[in-house]
Each structure stands twice: as structure tokens, then as C-alpha cells.
Amino acid sequence: MKVLVTREIPEEGLQLLRQRCQQLDVNTSDHNLTPEQLRQRCVGKDGVLCMLSDRIDAELMDAAPTVRCFANYAVGIDNIDIDAATRRGIVVTNTPGVLTDATAELAWALLFAAARRVVEGDRMVREGRFKGWEPMLLRGWPVRGTTLGIIGAGRIGTAMALGSAGFGMKVLYCSRHENRVLEEKLSARRVGLERLLTDSDYISLHVPLTKQTYHMIGPKELELPKPTAILINTSRGAVIDEAALVQALRDKRIAAAGLDVYEHEPRLTEGLADCPNAVLLPHLGSATYPARRAMAVMAAENLLAALTGRRPRNCVNPEALERSKI
Ligand code: DGY
């Protein structure tokens, strides 16, 4: 088996691949492959362990027709044209479950950082602008007893919501399906998007990026929250119309935002970096040591299963299994 790993991942995953592959091509450089480099290095490979930053489209699949599986090192799969892969019998896998808590915890980190102005405070101290305690200095917003609105109550949304119990929060959620766990454990209420945006103090996004969720938070939606509301996004940047968000933050139509992901990642929409009421992280949702280790093992196991004629545990396009020889 000839396999490409498009960025260095934790050793546990590489070790599994090394034991089974005749040729293991790992991009050990400290940058992502350009589309052209990716295309060249996919040629002649049987499988690719790819990153969420790699665009895996029909053109790439046609340029590297020997590739039978793309194992994404992420739970999100919006970087891969799944229909194109399925039509070609190419198996696509992802890494669900192992990064749930890591991502939910980061959403909480953003929530608290935005609510209590942690980054503004840190900057003030480092820059020598802290002149001593002041009664009006960097006042923020409380968490206890407020309302948390969860958009997308899947694994990560549920984990984030469960964390609210310690702060006595009321939980609203907006989801295609009823979430029994949230309703039974937190007395959470399932509401429509408009209601959630209007009534929540903290709004946290946990939906995958699809045609339906693209720009689901745009200018119209950003008119609805309270002026004290805080928006958190650890899902995918393009779920929010970022230009509209910059405007809302500038006009103080919402109090603040905590973002881990960006519409044109890694580029920021003009003006976002100048908003002091935005806390900005470099897509760290799954970035804990254990989560990244588990993702490496899971992605490697998925890839090896697909390439050795077994059913991968986390196949996102099972129809491709029928079409391929697996
Ligand atoms: C994912 O796995 O989709 C996350 O965004 C990675 O941090």
C-alpha cells in the first residue's frame, strides 16, 4: 500500500501506517501542501490521510485515480466533495467522537474569555496599560443563571450544553431532531432559530457546514439577539456571514463573539481583527494531546481498513463501499 499523510500527525497514527504500508509519504514540512503539491503527491497513492485544510475535489480525484480512500483527520468533512467521491467509489472517513469534549471545552473557553474580556485584560497587562484596580475597568457579562442557546445539538452541541449544569443556566436548543438527553438532564427546550437568537444570552454554533447551514447567521439573524448576547463558533466559519458579524460587532448590536473558525480560513474578513469584542483562536477545537492522538489512530485505522478490504468504522459514504471493491 502506498499512502500519503498530508501533514505530520501524532506518532501513534504514523506507527500504525508504517507497520502496514510499503510506502509512507508524510509531509513533514511546517506548512500545508498547496493544491498543486497535493495533486502531485496524491498521484500513484492508494490512500490519503488528509487534513480539513486540504481541498479534496473531483479534479484531484481524477488526477489521482489510484486513490481508494481519503481518511479525513477531522470530524467535519466539508473540505471533501463527498458526492464526487461516492460516484467514483472512493471511500471517505472522518474522526467522530474522540474530539467531542475537546471541542466543547474550547467553546466554553471562548464563552468565558468573551464574557469576562480575558484577552483584552491580558493585552492591557502585557502592554503596561494596567495602572491599578479600577471600579469601572473591563466590566463583562455574567454566566450563572443566564440562557445558553445551542444551535446544532449533535455530539459537540450536547457536550457543551451539559457543561452548563454547573452554572445553573437555562438551555434552549435548535436542532433537526429532538435531543432527549438535553431535555431530560437539563430540561432544555427545543425552539426555532429565531426564538433561540432572541432569547439567548450565549449562542453557540455546532452545526456542520452544508448548503443548508452556509451563512445561517447573516445580517437578518444578527438583528435578533439582545445587545448583551455573545456568539460562539467552534464549528465552521462559513456558517456565519463574517462581514455581517464584523458590522454587528462594530455597531455593538451584539456584545461580543468568540471564534475558533473563519469563513475564509486562515484569512480574516477585513475589520474582524480590529474588533476588541472578538476573541479569535486559530482553529484549536480538537487541539488537546489526547484528542489529536485518538484522531491519528482513528484516521489511520479507517484508512488501513478501507485499503485492506474491510469496512472502516467511520465511513461517511457507505454507498462508496458498494461501488468499490471493498
Ligand atoms: C474537526 O474535526 O472538524 C474540527 O474542526 C477539528 O478541530
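Visitor: Which residue in β9 is the bridge partner of I151?
Guide: L205 is the partner of I151 there. Bear in mind that this is a predicted model: local features need pLDDT of at least 70, side-chain atom pairs count only at pLDDT 80 or more, and totals for chains, interfaces and linings use all residues. Residues are numbered from 1 along each chain as its sequence is written, and side-chain values use heavy atoms, with hydrogens and water left out.

Visitor: What makes β6 and β9 a pair of strands?
Guide: Strands are DSSP runs of E, at least two residues long, and helices are runs of H or I, at least four, both numbered from the N terminus. Two strands pair if DSSP finds at least two bridges between them. Strand β6 (residues 147–151) and strand β9 (residues 202–205) share four bridges, so they pair. They run parallel.

Visitor: How does α7 lie on the sheet?
Guide: Helix α7 packs on it, touching β6, β7 (170–174) and β9. Touching is contact, heavy atoms within 4.5 Å. The direction of α7 makes about 170° with that of β6. Axes are lines fitted to C-alpha atoms, for helices over the stretch in contact, and angles run from 0 to 180 degrees between N-to-C directions. Helix α10 (residues 242–250) also packs on the sheet. It touches β10 (230–233), β11 (256–259) and β12, at about 140° to β11.

Visitor: What is the order of the strands in this sheet?
Guide: The open sheet has seven strands, β8-β7-β6-β9-β10-β11-β12, with parallel pairing.

Visitor: Why do β8 and β12 stand at the edges?
Guide: Each has a single partner strand, so one side of β8 (189–190) and of β12 (278–280) has no neighbour in the sheet.

Visitor: Why is L148 called buried?
Guide: Buried means under 20% relative accessible area; exposed is over 50%, and partly exposed lies in between (1.4 Å probe, protein chains only). L148 has 0%, so L148 is buried. This residue sits in strand β6. Beyond neighbours within four places in sequence, its contacts include W108, L111, M160, L172 and Y202. L148 and L172 are 24 residues apart in sequence, yet 6.2 Å apart in space, C-alpha to C-alpha.

Visitor: Is T158 buried or exposed?
Guide: T158 is buried, at 13%. Its place is helix α7 (residues 155–162).

Visitor: What makes the link from T158 to A153 a polar contact?
Guide: A polar contact is a pair of N or O atoms within 3.5 Å; within protein, one must be able to donate a hydrogen and the other to accept it, and residues adjacent in sequence count only if both atoms are side-chain atoms. The side chain of T158 reaches the backbone oxygen of A153 at 3.3 Å, so the distance passes.

Visitor: What lies between β1 and β2 along the chain?
Guide: First, the pairing: β1 (residues 2–5) and β2 (residues 23–26) are parallel over four bridges. The chain crosses between them through helix α1 (residues 11–20), and this β-α-β crossover is right-handed. That term means that, with the strands pointing away from the viewer, the path from the first strand over the helix to the second runs clockwise.

Visitor: How do you know the span of α11 is close to that expected?
Guide: The expected span is 1.5 Å times one less than the number of residues. Helix α11 (residues 289–307) has 19 residues and reaches 27 Å from its first C-alpha to its last, close to the 27 Å expected. Its buried residues include M295, L303 and L307. Among the elements covering them are β1, α1 and β3.
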